[in-house]
Amino acid sequence: MWHLTRILLWRALAVVSLLLGLIGIPLPGLPTVPFVLLSAWAAGKGWPALEQRLLTHPKYGPALVQWRSHGIVSRRAKLLASVMMLASAIALQFSAAPFWLKLLLPLFLSAVAVWLWRRPEAIKTLPAQH
């Protein structure tokens, strides 16, 4: 019984995160790629067919494979994520959010941006030996 419950929970996480990623395609401010990454990871735990489908997807598959194999994030993805985080932090300052949130969220987003920009953008190759 526990095995079936665990599989269903992994599948639910995969579906919910994939749906959030799909919703993020037309909506600015909601990221797509992190949710697709989460979906592929969760599918790998409980839904191998969905995982394989995501990994072979024409648009998102290559980014998923590069992330999994080498931790690669494209420069375009880094730039888009950074712009969205900056826009969110600025919009937050003009909202009725509590002061502590206006202070802490930009700090957190800055830390995420630093981590993100430290990810490789391509596979590092060694110089050819002669």
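Let's start with Trp117, which counts as partly exposed because its relative accessibility is 36%, a value that falls between the 20% cut-off for buried and the 50% cut-off for exposed. Please keep in mind that we are looking at a predicted model. You'll find Trp117 in helix α6.

Which residues does Trp117 touch, leaving aside its neighbours within four places in sequence? The contacts are Arg75, Lys78, Leu79 and Ser82. Now look for Val73 on your screen. Trp117 and Val73 are 44 residues apart along the chain, and their C-alpha atoms are separated by 8.5 Å.

One of those contacts deserves a stop of its own. Lys78 lies in helix α5. Is Lys78 buried or exposed? Its relative accessibility is 1%, so Lys78 counts as buried; the cut-off for that word is under 20%. If we again set aside neighbours within four places in sequence, Lys78 is in contact with Val73, Leu116, Trp117, Arg119, Pro120 and Glu121.

For another kind of setting, go to Thr56, in the loop between α3 and α4. Thr56 counts as exposed because its relative accessibility is 53%, and exposed means over 50%. Try finding Trp10 from there: Thr56 and Trp10 are 46 residues apart in sequence, and C-alpha to C-alpha they are 20 Å apart in space.

Next, let's turn to helix α2. Here is a nice little check you can do yourselves. With 14 residues at 1.5 Å a residue, α2 should span 20 Å, and its end C-alpha atoms are indeed 20 Å apart, so expectation and model agree. Which residues of α2 are buried? They are Phe35, Val36, Ser39, Ala40, Ala42, Ala43 and Gly46. As you read that list, here is a handy rule: an α-helix has 3.6 residues a turn, so residues three or four places apart point the same way. And what do the buried residues of α2 pack against? Their partners are α1, α3 and α4.

That brings us to the largest nonpolar core. The core has 11 residues in all: Ala14, Leu18, Val36, Ala40, Ala42, Ala43, Leu50, Leu54, Leu55, Tyr60 and Leu64. At least two of the core residues come from each of α1, α2 and α3, and α2 gives the most, with four. As background, nonpolar side chains tend to be buried together in soluble globular proteins. To see one member up close, click on Leu64. Beyond its neighbours within four places in sequence, Leu64 is in contact with Val36, Leu37, Ala40, Leu54 and Leu55.

Finally, the pockets. How much space lies in the largest pocket? About 1,100 Å³. Its lining is made by 30 residues, and those that lie nearest the centre are Pro31, Val33, Pro34, Ala77 and Ala81. Helices α2, α4, α5 and α6 each supply at least two lining residues, with α5 giving the most, seven residues. By type, the lining of this largest pocket divides into 22 nonpolar, six polar and two charged residues.

The second largest pocket holds about 180 Å³ of space. Its lining consists of Leu18, Leu22, Val36, Leu50, Arg53, Leu54, His57 and Tyr60. Both α1 and α3 supply at least two of these residues, and α3 gives the most, with three. Sorted by type, the lining of the second largest pocket has six nonpolar residues, one polar and one charged.

If you'd like one residue to revisit afterwards, pick Val36: it is buried in α2, belongs to the largest nonpolar core and lines the second largest pocket. Thanks, everyone, and do ask questions!

Terms used: Residues are numbered from 1 along each chain as its sequence is written. This is a predicted model: local features need pLDDT of at least 70, side-chain atom pairs count only at pLDDT 80 or more; totals for chains, interfaces and linings use all residues. Side-chain values use heavy atoms; hydrogens and water are left out. On a 1 Å grid over the protein atoms alone, a cavity is a set of points where a 1.4 Å probe fits but cannot get out, and a pocket is an open set with protein on both sides within 12 Å along at least five of seven lines; lining residues have an atom within 4 Å of a point. Grid points are joined across faces, edges and corners, and a volume is the space filled by probe spheres set on the points. Ala, Val, Leu, Ile, Met, Phe, Trp, Tyr, Cys and Pro count as nonpolar, Asp, Glu, Lys and Arg as charged, and the others, Gly among them, as polar. The expected span of a helix is 1.5 Å times one less than its number of residues. Buried means under 20% relative accessible area, exposed over 50%, partly exposed in between (1.4 Å probe, protein chains only). Contact means heavy atoms within 4.5 Å. A nonpolar core is a set of buried Ala, Val, Leu, Ile, Met, Phe, Trp, Tyr and Cys residues joined through side-chain atoms within 4.5 Å.
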